[in-house]
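Thanks for coming. I will go through the pockets, and then through how the chains meet. Here is the structure.

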Amino acid sequence: MTCAAIMTADPLTLKEGDSVAKAAEALTKHHYINLPVVDGEGRFLGMFGIYDLLGLLVPRVALAGDLLPNLRFVGDDPAALRAKFQSVKTKTVGEYCDRQAVVLYPDTPEIEAVRLFCLRHTTLAVAERETSKLVGIISYWDTIRAVTAGAP
Amino acid sequence: MAADAAAHATSPMFVTATAILIATYALIVSERVNRAVIALIGAGAVIILGVLDQAEAIRAIDFNTLGLLAGMMTIVGVARKSGLFGYVAIRAAQMVRASPAGILVALSLVTAVFSAFLDNVTTVLLLVPVTFIICGELKVPVYPFLVTEIFAGNIGGTATLIGDPPNILIGSAAHLSFNAFVVNLAPVIAIILTLQMIANHFIWGIRLTAAPEEKTRVMGLQPVEMIVDRWLLWCSLVIIGAVIVAFVFAHQLHLEAATIALTGAGVMMLLETLPHRAHKHAELVAHAFREVEWITLFFFVGLFVVVGGVEHAGLLGLLGHWLVDATGGDPAITAYGILWSSAVLSAIVDNIPFVATMIPLIKSLGPSLGGPEALVPLWWSLSLGACLGGNGTLVGASCNLMVAGIAEKNGVRFSFLKFSMVAMPMMLASIAVAQIYLMWRFF
């Protein structure tokens with residue numbers, strides 16, 4: 001079975017010019033882990049998800065390798081995170097989307113999608129090989145549904 | 001003697017050894033290939049082409065230097081996991097009431113002291129992230145703090161035997177003790193560091209301001225939360241303290257530096273593993289050994305053999321004669337020449353190959369300048385020039401590049417030109433201070 005058979009076609013997408021605030025609303029409203037980001041012609045650019053969103057609230061240096069063991073020393077200030085979100089919400093998802101996200105093709109075997117879920121724990125984009133146009137996404141739910149269909 | 005040396009210059013061994021040296025150094029400077037790989041191939045060429053046999057090559061390797069480096073790298077690699085560095089940095093910032101100008105001074109001091117006793121690169125690797133956090137809380141630009149930490153790291157590392165690899169090389173080859181470095185270099189380093197901090201204040205410190213609420217946020221940081229392993233923290237403090245004390249009393253204990261460092265590393269690893277079950281010990285020890293910069297160690301191995309080759313072939317003796325001719329055999333002029341040339345070269349190329357080559361060259365000057373005692377000021381000149389020279393440009397020292405690399409990954413641009421335009425004059429000023437000190441102290 002290939003990715004084309006199990007993917008969700010014409011998925012909800014983000015445009016690269018969409019704001020972080022709009023992305024946050026879409027992610028929380030639909031409980032998505034991440035959403036594909038496309039350009040004006042529908043070509044896949046990358047993924048933007050809840051970890052990218054949360055990463056905007058944390059000092060970048062704290063996310064790079066093991067340079068900082070934790071941020072417990074920063075103390076508790078709930079207003080600080082809200083203030084940080086306010087300062088980034090107008091920025092565009094194109095600036096922060098993961099452009100190194102793995103992309104699958106319609107004829108990629110399903111087993112490859114399963115392998116990537118185990119390694120990356122993220123929704124996967126499916127794009128046309130020649131044009132890079134986004135044609136669908138595969139979530140682990142899609143895969144589990146396909147695998148378990150018909151099982152008692 | 002000079003005639004003998006010149007006659008050597010046409011021998012096949014001389015030509016071969018010199019060609020290998022030049023090729024090795026040229027490739028190291030080009031940075032097209034990993035330097036350890038180049039050094040090992042160069043060393044292989046020295047043996048295969050008959051400049052040295054294997055026994056002679058092994059004798060050329062300074063295992064005391066390698067052991068000292070490996071031991072200290074292991075100790076620091078384990079100690080860093082405790083969170084000690086971050087704790088000290090935050091406490092230092094709070095002790096100056098979160099004043100940005102005060103933090104600029106405090107972090108310089110912390111960096112310099114850590115660098116004097118531990119490896120520069122690890123010191124900045126662990127202080128820079130906390131610096132980012134503190135500056136983020138204060139809403140001040142982080143660039144001035146990173147630059148001052150670079151300066152302080154290179155200056156502080158000059159003060160002791162173990163602060164910088166060139167000092168380890170020099171101390172081992174010239175049999176200069178930990179105490180000798182402290183007595184002869186720490187005073188001038190303290191002066192240079194003080195002058196550097198004053199300069200930093202007038203360049204950046206006086207323009208840094210933070211609102212009271214931002215300062216309150218820094219005062220509200222909880223440094224104790226940086227300590228992730230209290231057992232490891234205490235072990236680190238005890239072992240590092242014991243190792244430094246052992247260095248101070250090394251002569252009385254009849255122990256070489258490598259023995260002290262490697263024994264300390266062994267005890268550190270033992271203490272780290274004690275609280276854990278036996279099946280975890282191998283993992284912890286493997287992790288500790290991963291902290292050793294094997295690339296640096298094998299680079300040294302290869303370099304020792306390549307330099308040993310040119311020493312055996314007579315190149316360094318010939319260069320020594322030329323140097324004596326050029327300086328008229330005057331120890332003072334020779335010392336100043338070594339000071340300034342090593343500073344300028346260290347600012348633009350890796351100082352370790354330069355120091356490794358200069359050591360046997362300086363040794364060869366002994367008979368012309370009046371014996372081994374006459375060489376002492378030259379060793380300090382080489383140390384001061386090679387270590388302080390690293391502040392001259394962004395590529396002058398590994399810790400400079402490490403800081404710049406972290407900064408770039410976190411959105412702070414480090415321009416070679418912008419850094420060097422500030423750094424080079426300050427480095428030259430520090431060398432001028434070093435020269436005045438040498439003149440006063442030895443001549």
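The largest pocket holds about 1,600 Å³ of space, and please keep in mind that this is a predicted model. Its lining is made of 42 residues. Those nearest the centre of the pocket are Leu56(A), Leu57(A), Val58(A), Pro59(A) and Lys84(A).

Which elements give two or more residues to that lining? From chain A they are helix H3, residues 50-55, helix H4, residues 78-88, and helix H5, residues 93-96. From chain B there is helix H8, residues 120-138. The largest share comes from H4(A), with seven residues. As for chemistry, the lining of this largest pocket has 24 nonpolar residues, seven polar and eleven charged.

Now the second largest pocket. Here the space is about 1,300 Å³. It is lined by 50 residues, and the ones closest to its centre are Arg35(B), Val121(B), Glu293(B), Thr296(B) and Ser398(B). Several helices of chain B supply at least two lining residues each, among them H2 (12-30), H5 (63-79), H10 (165-174) and H17 (294-313). H8 of chain B is also one of these, and you will remember that H8 of chain B contributes to the lining of the largest pocket as well. The largest share in the second largest pocket is that of H23(B), at seven residues. By class, this lining divides into 28 nonpolar, twelve polar and ten charged residues.

That leaves the contact between the chains. Chain A puts in 14 residues and chain B puts in 19. Between them the two chains bury about 1,400 Å², and 66% of that is on carbon and sulfur atoms. Which three residues supply more than any others of the area that chain A buries against chain B? They are Val61(A), Leu67(A) and Phe73(A), which together account for 44% of it.

On the polar side, the count between chain A and chain B is one salt bridge. Its partners are Arg72(A) and Glu225(B), and the closest N and O atoms are 3.1 Å apart. Five residue pairs are in polar contact across the two chains, counting pairs with both residues at pLDDT 80 or more. Sorted by class, the side of chain A that touches chain B has nine nonpolar residues, one polar and four charged.

To recap for the bench: the largest pocket has lining helices from both chain A and chain B, and the chains themselves share one salt bridge, Arg72(A) with Glu225(B). That is what I have.

Conventions: Residues are numbered from 1 along each chain as its sequence is written. Chains are lettered from A and ligands numbered from 1 in the order in which they are written. This is a predicted model: local features need pLDDT of at least 70, side-chain atom pairs count only at pLDDT 80 or more; totals for chains, interfaces and linings use all residues. Side-chain values use heavy atoms; hydrogens and water are left out. On a 1 Å grid over the protein atoms alone, a cavity is a set of points where a 1.4 Å probe fits but cannot get out, and a pocket is an open set with protein on both sides within 12 Å along at least five of seven lines; lining residues have an atom within 4 Å of a point. Grid points are joined across faces, edges and corners, and a volume is the space filled by probe spheres set on the points. Helices (H or I, at least four residues) and strands (E, at least two) are DSSP runs, numbered from the N terminus. Ala, Val, Leu, Ile, Met, Phe, Trp, Tyr, Cys and Pro count as nonpolar, Asp, Glu, Lys and Arg as charged, and the others, Gly among them, as polar. Contact means heavy atoms within 4.5 Å. Buried area is the accessible area (1.4 Å probe) that two parts lose on being put together, summed over both. A salt bridge is a side-chain nitrogen of Lys or Arg within 4 Å of a carboxyl oxygen of Asp or Glu. A polar contact is a pair of N or O atoms within 3.5 Å; within protein, one must be able to donate a hydrogen and the other to accept it, and residues adjacent in sequence count only if both atoms are side-chain atoms.
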